Amino acid sequence: MQKVDIAIVGGGIVGLSLASALTQTELSVAVINDGNITRTVAEQMELRVSAINQSHIDAFNTVGVWQHVPADRRCEFTRMHVWDKDSFGEISFDCNDTHRPALGSIIENQVFINGLAEYLQTQSQVHIVNAKISKVLAGQQETMLMLDNDEDFACKLLVGADGANSFVRKQCQFPMTFHDYGQLALVANVRTQQSHGFTARQVFTPTGPLALLPTFDEHVCSIVWSQDTENAEQLLQLNKADFSNQLTAASDSALGLLQVEGDIAHFPLIMQCARTWARDGAVIIGDAAHTIHPLAGQGANLGIEDAFSLAKTIETLQRTGKDYSRLRYLRPFERERKTQATKMIAAMSGFQSLFSGNDPIKKFIRGTGLVMTDRLSFIKQQWMAEASSF
Ligand SMILES: Cc1cc2nc3c(=O)[nH]c(=O)nc-3n(C[C@H](O)[C@H](O)[C@H](O)COP(=O)(O)OP(=O)(O)OC[C@H]3O[C@@H](n4cnc5c(N)ncnc54)[C@H](O)[C@@H]3O)c2cc1C
């Protein structure tokens, strides 16, 4: 049996972010993932991308991770433009307002994961294991992990970063709250007639929001089109030309004609939030603890923030001679992160409800609200500070 201080189950963006933050300590870490973490990406854009906030990029830069993420596969975006299709409301954000070079970076999930893994391979205290965890046995001082490759581990602290269907969460019997948004997210890459101009765009339509995220190719955007399930299923029946026409219309032709390239993927949108995140010897983070609506593109950012906050908690407890695996010391972490996740979930639900449907009062509120917020620079600054701190 191998012994490590921290065993992280899940080598997605969140698990690897935690492992990279822990390289600033002297603790030994195992990252256990069911399958190869890295894979070679094709020349064409991958389907799954994330908008990573600038404050997180700054933190990854400090650790030495961002240098492993190829510059020609990411898109630093400098503006955001959000508008309501059915009212006069619109709002824009510019990086100059934040005195930073960009608002964030749009990056393919696999490219980011490859960069994180490449950095971790240079760190001798981190051991990456390709196996599925099959059993968790909680002891007094240690937690035992049985893996399907017969390699077993004992750790002081087990971290479940194993995604929305988290095995660790189920083993720990952490209860969950669910809400089905009744929508599917349609994800595709589209060629745009006009340059995206390094601007992230989002339009709210009565049947759901459409995000157009700029990519490393100035004429390709990654779209996330959240639609009520019935509409989404009808859209998925269309051929690519008809789907592209519907998409162009939904985007108000903001980038001219749009043409889908490659496959269209779809994901059911479900909110989940664990009511308990920690117990003696175990804690969950990222999608294992919460999944949110992608309309603000904050799911991975929320998980990265969990990872950074947990690494900081562990480092402080270790430095002050406290046992970082005990629930009583993990409680403040749990409280703080649960509050942030709950705030974000409530904000997403509020936005989703305000921006859906044709109710004239809602239309008036969102039109006036967006215009006022756009004009009142102090409120806008507050919004931006709040969004970039996740
Ligand atoms: C359509 C869509 C668009 C999105 N866009 C954005 C965006 O723009 N910005 C943003 O911040 N977020 C976005 N998100 C959310 C974001 O993709 C997720 O929040 C994030 O990828 C979750 O990362 P994770 O590491 O927690 O989980 P995952 O990515 O699910 O990783 C979990 C890992 O654990 C491994 N694993 C699972 N079970 C086991 C086991 N038993 N043993 C060993 N390993 C195991 C899996 O193989 C996987 O590698 C979007 C989500 C959707 C659906």
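## Close-up views of a predicted model and its ligand

**Figure 1. Residue classes around the ligand.** By class, the shell around the ligand is made up of 15 nonpolar, eleven polar and five charged residues. Please keep in mind for every view here that the model is predicted. In total, 31 residues surround the ligand, and N33, D34, D287, G297 and A300 are the closest of them. Several elements each supply at least two residues of this shell: helices α1 (13-22) and α7 (299-319), together with strands β2 (29-33), β3 (49-53) and β12.

**Figure 2. Polar atoms facing the ligand's oxygen atoms.** Let us zoom in on three residues of the shell. In D34, a polar side-chain atom lies 2.5 Å from an oxygen atom of the ligand. N33 also uses its side chain, with a polar atom 2.8 Å from an oxygen atom of the ligand. A300 takes part through its backbone instead: one of its backbone N or O atoms lies 2.8 Å from an oxygen atom of the ligand. How much of the ligand's accessible area does the protein cover? On its own the ligand has 1,000 Å² of accessible area, and the protein covers 82% of that.

**Figure 3. T291, a buried threonine in a short strand.** This view is centred on T291, which sits in strand β19 (residues 290-291). Is T291 buried or exposed? Its relative accessibility is 11%, so T291 counts as buried, the limit being under 20%. A polar atom of the T291 side chain lies 2.8 Å from the backbone oxygen of I270. Leaving aside residues up to four places away in sequence, T291 touches A164, I270, M271 and Q272. I270 therefore appears twice in this view, once as a contact of T291 and once through its backbone oxygen.

**Figure 4. Salt bridges, pair by pair.** A search of the whole structure finds 16 salt bridges, and three pairs are picked out here. R39 and E46 meet through their side chains, with 2.8 Å from N to O. R39 is partly exposed, with a relative accessible area of 42%, whereas E46, at 15% relative accessibility, counts as buried. In the second pair, D94 bridges to R79, and their closest N and O atoms are 4.0 Å apart. This pair links distant parts of the chain, since D94 belongs to strand β6 (residues 90-94) and R79 to strand β5 (residues 79-84), 15 residues apart. Both partners count as partly exposed: D94 at 22% relative accessibility and R79 at 31%. The third pair joins the side chains of R337 and E336, at 3.5 Å from N to O. Here R337 is buried, with a relative accessibility of 1%, while E336 is partly exposed at 36%.

**Figure 5. A network of four charged residues.** Which residues are linked in a network of salt bridges? The members are K156, D280, D323 and R326. K156 falls within strand β11 (153-160), the strand that follows the loop shown in the next view.

**Figure 6. Two loop residues with positive phi.** Most residues other than glycine have a negative phi. Against that background, D150 is worth a look, with a positive phi near 70°. D150 lies in the loop between β10 (143-147) and β11 (153-160), and at 70% relative accessibility D150 counts as exposed. Q173 is not a glycine either, and its phi is positive at about 55°. Where does Q173 sit? Its place is in the loop between α4 (167-172) and β12 (176-192). Q173, too, counts as exposed, at 70% relative accessibility.

**Figure 7. Helix α2 and the glycine after it.** Helix α2 spans residues 54-63. Its buried residues are Q54, S55, H56, I57, F60 and V63. Just after α2 comes G64, with a positive phi of about 105°.

**Figure 8. Stepping back to the whole chain.** The protein chain folds into ten helices and 19 strands. Of its 390 residues, 52% count as buried. Among contacts between residues at least 6 apart in sequence, 73% join residues at least 24 apart. The chain exposes about 17,000 Å², and 51% of this comes from carbon and sulfur atoms.

Definitions and conventions
Residues are numbered from 1 along each chain as its sequence is written. This is a predicted model: local features need pLDDT of at least 70, side-chain atom pairs count only at pLDDT 80 or more; totals for chains, interfaces and linings use all residues. Side-chain values use heavy atoms; hydrogens and water are left out. Helices (H or I, at least four residues) and strands (E, at least two) are DSSP runs, numbered from the N terminus. Buried means under 20% relative accessible area, exposed over 50%, partly exposed in between (1.4 Å probe, protein chains only). A polar contact is a pair of N or O atoms within 3.5 Å; within protein, one must be able to donate a hydrogen and the other to accept it, and residues adjacent in sequence count only if both atoms are side-chain atoms. Contact means heavy atoms within 4.5 Å. A residue is near a molecule or strand if one of its heavy atoms lies within 4 Å of it. Accessible areas come from the Shrake-Rupley method with a 1.4 Å probe; for residues, only the protein chains shown count as cover. Ala, Val, Leu, Ile, Met, Phe, Trp, Tyr, Cys and Pro count as nonpolar, Asp, Glu, Lys and Arg as charged, and the others, Gly among them, as polar.
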